[in-house]
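Colleague: Could you take me through this model? I should like to put some short questions to you as we go.

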Amino acid sequence: MISGEVLVAGGAMTVLAVAVAYVLGWANKTFHVEVDPRVEAAVAALPGANCGGCGYVGCSEYAEAVVLKGEQVTKCTVGGASVATALAGLMGVEVGESWPYRAVVHCGATTAQRLQRRDYRGEQSCGAANMISGIQGCTYGCLGLGDCVAACKFGAIHVCDGLATVDYERCTGCGACVRACPRHIITMVPFKAERMLVVKCSNKDTGKDVTSVCTVGCIGCGICARTNKLLQIDSGLAGIDYDQYDPATADFATVLSKCPRESLVWVGKPTPRDLAAVADEKLPDRVEADFKTTVDDAEWRG
Amino acid sequence: MEYLSSIILIAISAALINNFVLYYFVGICPFLGVSRRVDMAFGMGCAVTFVISIAAFLSWVLTAFVLRPGAPLASWVWQRLSPGSEGVADLSILNYLVYIFVIASSVQFVEMYLRKFYPPLYKSFGIYLPLITTNCAILFACLEIMKHVSGVPAAEMWDLGRALALAFFGGVGFTLAIVLMAGMREDLELCDVPRALRGPAIALIVSGILAMAFMGFTGVDRNLAALLR
């Protein structure tokens, strides 16, 4: 036996549901806004996570920007390549060229070029050495103890003359070294060409302070910024605008000759001319680690 | 005067002392999800304040006239169905169901209305409105109002003004908390946080400390009540 109360409750709910459904249906028709069908299709193609990873507030706003403002289709980090392809198909455009990112060490000083160095006999890792002061004058530059070497799974980074150096034939751009470096001097740079011009210094101090700790570091004189509009000085340090960097048209000959320090350096794969220049130099024999006498890299270094 | 002082007490209590987020810990998902940038946090806070007021209005009306024991509309129908019966009509079992239903549909309606008539406002609220549909802070406000409307003696029953004061200032309190949190998280981006604590972990720790700071407001209401009397 269903009591009257249950009947009233059920009836009330039904009445409410019908009333609300009617109001919403009416509103849907009355307040209907015409939207570009492509926008709707783009919204459907996006994952709908509304994460904001693309820089827009939610997927629908990004979809609108793609369709109406010609925004790049590759910005969805959640959907990745598949969503980019779907959006590109929708818009009838090619998926824009994406550049491989490669690690760049923003320090160009070998041990001999870094001044005010003390003998460090603590734990042979940059993370430990970074916690104490006085190991070397430059508090920004490479410590040369190879945390990045240990982090790299591809053997693409080595410490040469006390300076972490990337082997661009092996670097995959995973970014493990970027996270490992306690001084945050490794960044990922979009390699728009085989060879990229980079600023090989991270020291933000004034010119006088830099010259007292390093013989090659950027002193922030600003001559590069005055010579070439791709470069600018930000808090005492030169930087290159890689968004505007176009390897086909950029001419860095002047700016390279003007830099009074050795902070602007080409990195990447060597050109045939470079290889020819060193072709007759004798390479040292490759020495393989002898695992009978060495335990791991850390002990080897110490 | 007594009415005004009760409104002031409700407002201060909802916004500061019993802050929805930091005292009751409701509405944590937008609190953590949309507190990365101050401007987005402020937008979210405004949208919550707006929707919470509408939801409180609708739920107060429905509770007072339909759902509470002895509500006029329900009693009238009850008398029609079984004339001369003893019991009072009591639909308070439907409270939760009706509130969720009303919040969701009113948000839908508001969204459509804004989209048609106030496109700029829709653009700035846009994404937040659907997110708010399932925000527990709003359901919580409705249930708080229900506690003071349903099943209490007629003399103690909250009127619409008190209900709206609770809801609106609860929303203001939410905005305050989320904007404070966003400000801190913007600075936190620049901090060297231990790897194990990065992301949501440090956000929860920070919000816990923020909540402890808000505990300092405890007891303000008693002195304030004495002051206003």
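**Loops, helices and salt bridges**

Modeller: Let us begin with B:F25, which is placed in the loop between α1 (2–17) and α2 (28–33) of chain B. Please keep in mind that this is a predicted model.

Colleague: What phi does B:F25 have?

Modeller: B:F25 has a positive phi of about 55°, although it is not a glycine. With a relative accessible area of 42%, B:F25 is partly exposed.

Colleague: Which residue of chain A that is not a glycine has a positive phi?

Modeller: A:S235 has one, of about 40°. The residue sits in the loop between β6 (231–234) and β7 (237–240) of chain A. A:S235 is partly exposed, at 43% relative accessibility.

Colleague: And what is the phi of A:G70?

Modeller: A:G70 takes a positive phi of about 70°, and this glycine comes just after α3(A). Within that helix, residues 59–69 of chain A, the buried positions are A:C59, A:Y62, A:A63, A:A65, A:V66 and A:V67.

Colleague: Let us turn to confidence. Where in chain A is it lowest, and where is it highest?

Modeller: The lowest confidence in chain A is in helix α12 (residues 297–301), with a mean of 51. The highest is in strand β3 (residues 163–166), at 91. For chain A the mean pLDDT is 82, and 91% of its residues reach 70 or more.

Colleague: How many helices and strands does chain A have?

Modeller: Chain A has 12 helices and 8 strands. Of its 302 residues, 35% are buried. Its accessible surface is about 17900 Å², and carbon and sulfur atoms account for 55% of that. Among contacts in chain A with a separation of 6 or more, 59% join residues 24 or more positions apart.

Colleague: Could you give an example of a residue and its contacts in chain A?

Modeller: A:L256 will serve; it belongs to helix α10 (residues 253–258) of chain A. Setting aside neighbours within four places in sequence, A:L256 is in contact with A:L197, A:L264 and A:W266. The C-alpha atoms of A:L256 and A:T227 are 9.7 Å apart, with the two positions 29 residues apart in sequence numbering. A:L256 is partly exposed, at 29% relative accessibility.

Colleague: Now to charges. How many salt bridges does the structure hold over all chains?

Modeller: There are 6 over all chains. One of them joins the side chains of A:R38 and A:D36, at 3.3 Å from N to O. A:R38 is partly exposed at 38%, and A:D36 is partly exposed at 25%.

Colleague: What is the N to O distance between A:R170 and A:D167?

Modeller: That salt bridge, between the side chains of A:R170 and A:D167, has an N to O distance of 3.9 Å. A:R170 is partly exposed at 40% relative accessibility, as is A:D167 at 25%.

Colleague: Which residue forms a salt bridge with B:E144?

Modeller: The partner of B:E144 is B:K147, and their closest N and O atoms are 2.9 Å apart. Both residues lie in helix α8 (residues 136–149) of chain B, 3 residues apart, about one turn of the helix. An α-helix has 3.6 residues a turn, so residues three or four places apart point the same way.

Colleague: Is B:E144 buried or exposed?

Modeller: B:E144 counts as buried, because its relative accessibility of 13% is under the 20% limit. B:K147, by contrast, is exposed at 52%.

Colleague: What about B:R68: where is it found?

Modeller: B:R68 is in the loop between α3 (38–67) and α4 (72–81) of chain B. At 18% relative accessibility, B:R68 is buried. Apart from neighbours within four places in sequence, its contacts are B:T63, B:A89, B:D90, B:V149, B:S150 and B:M157.

Colleague: One last topic: which residues make the nonpolar surface patch of about 380 Å²?

Modeller: B:Y113, B:F117, B:Y118 and B:L121 make that patch. B:F117 is in helix α5 (residues 95–117) of chain B and is partly exposed at 44%.

Colleague: How far apart are the end C-alpha atoms of α5(B)?

Modeller: They are 32 Å apart, which agrees with the 33 Å that its 23 residues should span at 1.5 Å a residue. The buried residues of α5(B) include B:N95, B:V98, B:Y99, B:V102 and B:L114.

Notes. Residues numbered from 1 in each chain as written. Chains lettered and ligands numbered in written order. Predicted model: local features only at pLDDT ≥ 70, side-chain atom pairs only at ≥ 80, totals over all residues. Heavy atoms only, no water. pLDDT = per-residue confidence, 0-100. Helix = DSSP H or I, 4+ residues; strand = E, 2+ residues; numbered from the N terminus. Salt bridge = Lys/Arg side-chain N within 4 Å of Asp/Glu carboxyl O. Buried < 20%, exposed > 50% of the residue type's maximum accessible area, 1.4 Å probe, protein only. Patch = residues over 30% accessible without salt bridge, like charges linked within 9 Å, V, L, I, M, F, W, Y side chains within 5 Å. Areas by Shrake-Rupley, 256 points an atom, 1.4 Å probe, with all protein chains shown as cover. Contact = heavy atoms within 4.5 Å. Expected span 1.5 Å × (residues − 1).
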